[in-house]
Each structure stands twice: as C-alpha cells, then as structure tokens.
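Subject: A structure for you to look at

Hello,

Here is the structure I promised to pass on. Please open it first, and then read my notes below alongside it.

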Amino acid sequence: MARLYFTCSILILSVSLALGQVTMETLQQQLDERGISQEEVQQRLSERGYNYDSFADIPPEQMEAFQAAVQEVIAEIEREREADASQEDMQSGNSSEVLTEPSPDVVQGATEAVEEGASVEEAVAEAIDRQEPDLPGAKIWGHQIFRDQHISVFRQSDNIKPRDSYVLGSGDEVTISIWGVSIFERTYTIDQNGYIVPSGMPRIYLRDLTFGDAKEKLKRQFSSFNQFQDDQFEVSLRHARTISVGIFGEVFKPGNHTVSAINTAFNVLMAAGGPTDIGTLRNIRWIRANGEVRVIDVYEYMNDPTITESFYLTENDIIQIPIAERIVSIAGAVKRPMRYELIEGENLMKLIEYAGGLNANAYKQIVQLKRFENDQQQVIDISYNELVNSGGDFALLNGDQIVFKEIPSPYKNFVSVGGTVELPGEYEYRQGMRITDLIERAKLVEESERSFAVLRRTNRNGTSNFIRVDLEEILLNNASAENILLAPADRLTIFGRGVFTDAFQVSVSGQVRQPGTFEHDPSETMRVRDAVLLAGGLLPSAT
C-alpha cells in the first residue's frame, strides 16, 4: 500500500510539473502530505545549483531541468525513508516492499492523457493500472475483453463524434455550423431544463433526444431563420457532459465512477475492471435512474459490437453484476475449448456454437459428459449424431464438462497401387472392388510386367499376407479367379519387365579415344571391334 501511495503521489507531482500546473503553494501541499519539509527540499535543490524562491524566478530554459530535479529530490528523500523503514522491519522480522519511481514512459503517458482531457487524478489512476496490472487471466470466454483491455474508456476531448443513438442531456455542448448563403457557427450548452437558446430564435428542447433526432430537429428549426442547402448544415458534439455511474457486485473496482457520457455501459465496465471470475457476463443488470431495468449480455456484444448504441448511460444509473449461475466447460476436438457461461434456454448445441464448432476430426457418434451429481462424479455418454438428426438438444447443469474425442485411427477406406504404372498412389475403396478396377485407375504402361504382381493384405495382428497375382490372365479374363476381391488398405505392387532381366556390361580402357563401360548386347552379336568403335576407336599410339 505504501508503494502504491508513493507511486501515485510522485506521478501526480511529475505530471503536474510537466504541465506547468504546480505553484509554490501546491508544491508545499504535496510536501506536507508526504511529511517532507520545504527547507529540506530547498537545501537539496541548492546543492544542485537551484536557488529560487518562486517558480516565476526560474528561467524558461531551466524549467525542464528544475522539474526533473524536484522529482529527483522528493524520490531521494522517500527512498531514504523507505530504506530506514525496511531496516527497522528487518530487525523486527517484518518485510516491506521496495519503492520504485514511475518510469518516464508512465509519466509521459499520464501527461498526454491530461492533455487529451483527463483530470490529473484520472490519468494517474490509468497509468498506475497499466504499470501494475492486477487482473487475473481470463478463465471464462468473454473475460478477455476486460482483462486484455480491448475496450477503451473515452475521455472528454474536443470534437467528439458520437453515434446517432447517443442521448443528449443537460451539460452537453453542441456546435451548429452553417455555410452557404448564410454563414454561422456557434456552440450552445443544453441547460438544466433541456433547452438551447439561439439568438433571435425560439428556444429548442434537446434533452433526451438521440443525437440523430436532434440533428434533424435543429436543421428544421434553423432552416426557418437561415438559408442553406441540406449539405450546408452540420451539428457536432463539442463537449459531452460528465455523469456518475454506480457499479456494484462481482466487479474488480466497485463504486461510483465519474465518466464522460459518451461512454456506453461496456466502456464503464472496462473502467471498473470487468466482472470477477465468479461474476456473470450474461445477466448484468443495468438499473436506469428512472427505475427501468435492462440486461446486458457481453456475449451479444462480442457477436455484434454495434449493440453498444443501445447502452448509453445517464446520470445516477447503476450497473450490478450478480454471481454467474451456470458455467460449463468444453474440451477436446472443438475449435475453442474453454469455459462458457450459459443462460436460460442455452444447452449443448449453443455451447458448441460458442466454442466455434467441432473440428474436422471430432468423433460425433458419442460425446462424453462429466457431471457432479448426488455427491459423486458421473460419466454420461450422449449420442450426438442422434441429437443432430432429430433436431434435439441436451440440458446442461452448472459445472458440467463436455469432451469431444478425436477420431483415433487413420482412414482405411482406400487401396493403393505402386510400381510401374502411370498413376501410382491411393484410391478410394468401394465395396465389391477387384484388381481390374484398381488397374483401370492406375493404368499399366508398356514396361509393366503382366505375368507377376504382388498384393499385400494387412491382418488385424499387424502382419500382412503375400498374394501372387497373374495380371495377364486377369486381363484376358475378368472372371478369372485371379481377379480377387479387394479389401480396405490392400496394396498392389506391379513390377517393370527390366526387374527380371540380367544386364551385362563391357568395359574398354587403354589407348582408345573414349574409354568407358558399355551395355552388352543380350543377342550376343557384339564383337571386339564393335566395343573398340564404341570407345571412339584406337589412338595412333595404340599397338
């Protein structure tokens, strides 16, 4: 806790100095909060060459160095005090955390946030959250959008561009621009009664209108007093009002959150860290200031982010996160195995849909359910194919675990052919298929040996039978007993005729032009003279 206070206070001072928002009075206030005397700071600054009674006395070119020196001195004093406290803790057997200064990147980020419209305190809180993340990893699908900070919290800034569904309220500033025959631009603030009061015109009620409806109403009203075409009139939101929203229940940062009204319920949930591990994602209660209660479903948002247009908040709205009632898990051959929260009416089929569907190798005949019931764990086999064919579903309870197994064995509905054929490889096995059907697909070549081939058939014990095949007889008579029925995974090997022929060679060396080895003529008509000629003939030096 001391470490967090130190980091926050140093960061607040650092940002204030960077923005030039610190006076001697505010600096003294910061020092008082830390219990540091001004004299001690001035003495250490004097040792660094800074002797000023007022910030106004500091030359502009030295302001940046002076700011750094102030931060350094305060951090130095804090470290010395922490070191003394740590020494005392060690002597007493207690432990304490080591204090660290905020990094330059954190200071820069917080400074930029203030320049974008955030308060110093708001910017510092965001910077500390980024520097010291304390949110656990996502355990249930949907938590990741809050834990990974996929949603941002909008701050006040100029020229906000709200959606047409944004609901205007007292405190919003709208700018009306006209160009054409009439030239006009002015910003109006919606008053507490909900009106803007243009000069020379009747007042116009805008509160509780959507931004889209307000633009149409303003165009109609201003067209009665000005001349312009439809494309020469524009309404923009110059500044959105600030609202206070209460967030309670199973959320990491409960309490009242003050945010710009441009934020939706999802942005405000992000500001509160999102639901805890046991908080619901599907039945978040949004209690409007007028008593109306709506339900926020994060899964709907994840499937269709445009629904945020319907979740703009108003002053004093409350968001309440109850405990999730039904969490189930799915594992195995699915695209996104994880834990999911289901609501009423959602069961096995919806769970599979949330998980992205089944993998191609999922075993669909039986899906296994593990369930805790009657003080024991049960295993239930569900006939998934029957459910699909009948259009049915299977009711799931809190804590259920669904497992889709993978198809364990390799495919067997094939036969293969290899060796001296045009198209070797695997082919689909069909009931009643014979050797001639396989040869027709693979296509014999001229060199294919017809008198002998080998069929290998795998047995259940892993061995394989050797079956001799006379292709020539099969080709002459398809009804021959040699044309046997094939079984799945059969392998036919066809040899080339050269396999059964002996090849001899003749070698010529010495005083010839191209000594080497040459194929022997199996007809035995080759003579010595022929071999010498094949070697290029005799050289002149030959005897």
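A salt bridge here is a side-chain nitrogen of Lys or Arg within 4 Å of a carboxyl oxygen of Asp or Glu. By that rule, the structure holds 12 salt bridges.

Before the details, a word on the source. This is a predicted model, in which local features need pLDDT of at least 70 and side-chain atom pairs count only at pLDDT 80 or more, while totals for chains, interfaces and linings use all residues. Residues are numbered from 1 along each chain as its sequence is written, and side-chain values use heavy atoms, with hydrogens and water left out.

Salt bridges

Let me start with Asp-164 and Lys-215, which form a salt bridge with their closest N and O atoms 3.0 Å apart. This pair links distant parts of the chain, 51 residues apart: Asp-164 is in the loop between helix 7 (144-147) and strand 1 (173-178), and Lys-215 is in helix 8 (residues 211-223). Helices (H or I, at least four residues) and strands (E, at least two) are DSSP runs, numbered from the N terminus. For burial, I use relative accessible area: buried means under 20%, exposed over 50%, and partly exposed in between (1.4 Å probe, protein chains only). Asp-164 is partly exposed at 45%, and Lys-215 is partly exposed at 26%.

Lys-350 and Glu-353 form another salt bridge, at 3.2 Å from N to O. Both lie in helix 11 (residues 348-354), 3 residues apart, or about one turn of the helix. Lys-350 has a relative accessibility of 27%, so it counts as partly exposed.

In a further salt bridge, the closest N and O atoms of Arg-371 and Asp-400 are 2.7 Å apart. Here too the pair links distant parts of the chain, with Arg-371 in strand 13 (residues 367-373) and Asp-400, 29 residues away, in the loop between helix 12 (384-390) and strand 15 (401-404). Both Arg-371 and Asp-400 are buried. Elsewhere, Lys-139, Arg-147 and Asp-277 are joined into one network by salt bridges that share partners.

Nonpolar cores

A nonpolar core is a set of buried Ala, Val, Leu, Ile, Met, Phe, Trp, Tyr and Cys residues joined through side-chain atoms within 4.5 Å. The largest one has 73 residues, and Phe-222, Ile-402 and Phe-404 have the most contacts inside it. Helix 9 (residues 265-271) gives the most to this core, with 5 residues. Apart from it lies another core of 19 residues, including Val-415, Tyr-429, Ala-442 and Leu-486.

For contacts (heavy atoms within 4.5 Å), I leave out residues up to four places away in sequence. Counted this way, Phe-404 touches, among others, Ile-330, Val-334, Leu-358 and Tyr-384.

Two residues to look at

Where does Thr-264 sit? Thr-264 is in the loop between strand 7 (255-260) and helix 9. With a relative accessible area of 5%, Thr-264 is buried. Its side chain makes a polar contact with that of Asn-267 at 2.8 Å; such a contact is a pair of N or O atoms within 3.5 Å, where, within protein, one must be able to donate a hydrogen and the other to accept it, and residues adjacent in sequence count only if both atoms are side-chain atoms. Beyond its sequence neighbours within four places, Thr-264 is in contact with Thr-308, Phe-311, Tyr-312 and Leu-313.

Ile-484 is in the loop between helix 14 (471-476) and strand 20 (491-496), and is partly exposed at 23% relative accessible area. Its contacts past four places in sequence include Met-433, Ile-435 and Leu-455. The C-alpha atoms of Ile-484 and Gly-432 are 9.7 Å apart, with their positions 52 residues apart along the chain.

Best wishes
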